[in-house]
Amino acid sequence: MRMMTRIVLTLLAVFSLTQSSRAADEPKKPNPDDQYVPGPDSKPQDGVPKGVVTKYEWNDSKIYPGTLRTYSVYVPAQYDGKTPACVFVCQDGVLYNAPIVFDNLIAKKQMPVTIGIFIAPGHYALKPGEPAKKPDGKPNVNSNRSNEYDTLSDTYSKFLLGEILPEVSKKYKLTDNPDGRCIAGSSSGGICAFTVAWQRPDAFRKVFTTVGSFTNIKGGNVYPDLVRKSEKKPIRIFQQDGANDIVNQFGSWPEANKAMAAALDEKGYDHKFVFGEGVHSGKHGTAIFPDVMRWMWRDWPGVEK
């Protein structure tokens, strides 16, 4: 019996080593995102005037009391301080290589002079005795992100329109024209961008979402039916997602985005949906961002086609 046990264990060990060797010999599957590479408009170009990005803190919110956050403001070289600039708001800080893209497209007059406002989600200070890092070594952040981004209310739009934009307006002239304001975001930041325009089309009428979380994190899966049932709103939407995006207990990101796109098209919205093969990341959205901005601003006065 002992001899038989040894033989079985030896055979199992040999089998395990063989399988490990075969796995090591198999070529690594390419990441679906590898195909999405930023083009020339997403890279600094010689002779193109460079805008300036300045970082600020906003730690006195009345809408989200107790939250701490940073935000950055991009001001293009062409801003003259007299003419109100168009506005681009983005959740989760600077995404899509946006300042570089803006430099290049504004210089080519393929988008208007635009001030970018890139806002980090709020977080709360750690309580006395709370460790600065988690057991895995990552920062221990008491984030308010999901509450701000995934909630289907007008609270975040009140935060933007009642706090951040007025604060930026103290230094820079921003347009009040809702057609001159674009809001963007990725994942939960993407559904947040749509919610702001949905709640306040009088303030924002251009929306860009990448891998948007139109799933049931906080009820976002209701949007396709809500779009169909509601009166059509004067907003323009560009969506991006990928076939290898997340599927988890909150739903399927690819299917949710396809459902959202179908509802917007059926309702006759000015809408475009790019569905690729990517995962839940910003790579595809970053690669297409210059074309998104050209599409978004295609009929703005002074923009060259």
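Start your tour at Ser230, where a polar atom of the side chain lies 2.7 Å from the backbone oxygen of Leu226. Keep in mind as you click along that this is a predicted model.

**Stop 1: around Ser230**

With Ser230 still selected, trace the chain on either side: Ser230 sits in the loop between α6 (223–229) and β10. Is Ser230 buried or exposed? Its relative accessibility is 17%, so Ser230 counts as buried. Now show Trp198 and Lys267, the residues that Ser230 contacts once neighbours within four places in sequence are left aside.

**Stop 2: Asp270 and its two arginines**

Next, select Asp270 and Arg236. Their side chains meet in a salt bridge, at 2.5 Å from N to O. Colour the strands and you will see that this pair links distant parts of the chain: Asp270 belongs to strand β13 (residues 270–276) and Arg236 to strand β10 (residues 236–242), 34 residues apart. Switch on a surface to compare the two ends: Asp270 is partly exposed, with a relative accessible area of 27%, whereas Arg236 counts as buried at 10%.

Keep Asp270 selected and add Arg298. Here is another salt bridge, with the closest N and O atoms 3.0 Å apart. Because Asp270 lies in strand β13 and Arg298 in the segment after α8 (283–296), this pair ties together parts that are 28 residues apart in sequence. Arg298 is partly exposed, with a relative accessible area of 29%.

**Stop 3: more salt bridges**

How many salt bridges does the structure hold? There are 17. For another one, pick Asp176 and Arg181, whose closest N and O atoms are 3.7 Å apart. The two partners are worth viewing with the surface on: Asp176 is exposed, with a relative accessible area of 64%, while Arg181 is buried, at 9%.

Then select Asp41, Lys108, Asp291 and Arg294 together, and you have a network of residues linked by salt bridges.

**Stop 4: the loop with Lys50**

Move on to Lys50, in the loop between α1 (2–25) and β1 (52–57). This lysine counts as partly exposed, at 45% relative accessibility. Which backbone oxygens does the Lys50 side chain meet? One belongs to Gln45, which the side chain reaches at 3.2 Å. Another belongs to Val48, whose backbone oxygen lies 3.0 Å from a polar atom of the Lys50 side chain.

Widen the selection to see what Lys50 touches: Pro44, Gln45, Ala77 and Asp103, not counting residues up to four places away in sequence. Before you leave, draw a distance from the C-alpha atom of Lys50 to that of Pro99; the separation is 8.6 Å, although the residues are 49 apart along the chain.

**Stop 5: a three-strand sheet**

For the last stop, switch to a cartoon view and find the open sheet of three strands, in the order β2-β6-β7, with antiparallel pairing. Why is one side of β2 and of β7 left without a neighbour in the sheet? Both β2 (67–68) and β7 (142–143) stand at the edges, each with a single partner strand, so one side of each has no neighbour there.

Zoom in on β2 and β6 (residues 123–124): these strands run antiparallel and are joined by two bridges. Finish by selecting Thr67, whose bridge partner in β6 is Tyr124.

How values were computed:
Residues are numbered from 1 along each chain as its sequence is written. This is a predicted model: local features need pLDDT of at least 70, side-chain atom pairs count only at pLDDT 80 or more; totals for chains, interfaces and linings use all residues. Side-chain values use heavy atoms; hydrogens and water are left out. Two strands pair if DSSP finds at least two bridges between them. Helices (H or I, at least four residues) and strands (E, at least two) are DSSP runs, numbered from the N terminus. Buried means under 20% relative accessible area, exposed over 50%, partly exposed in between (1.4 Å probe, protein chains only). Contact means heavy atoms within 4.5 Å. A polar contact is a pair of N or O atoms within 3.5 Å; within protein, one must be able to donate a hydrogen and the other to accept it, and residues adjacent in sequence count only if both atoms are side-chain atoms. A salt bridge is a side-chain nitrogen of Lys or Arg within 4 Å of a carboxyl oxygen of Asp or Glu.
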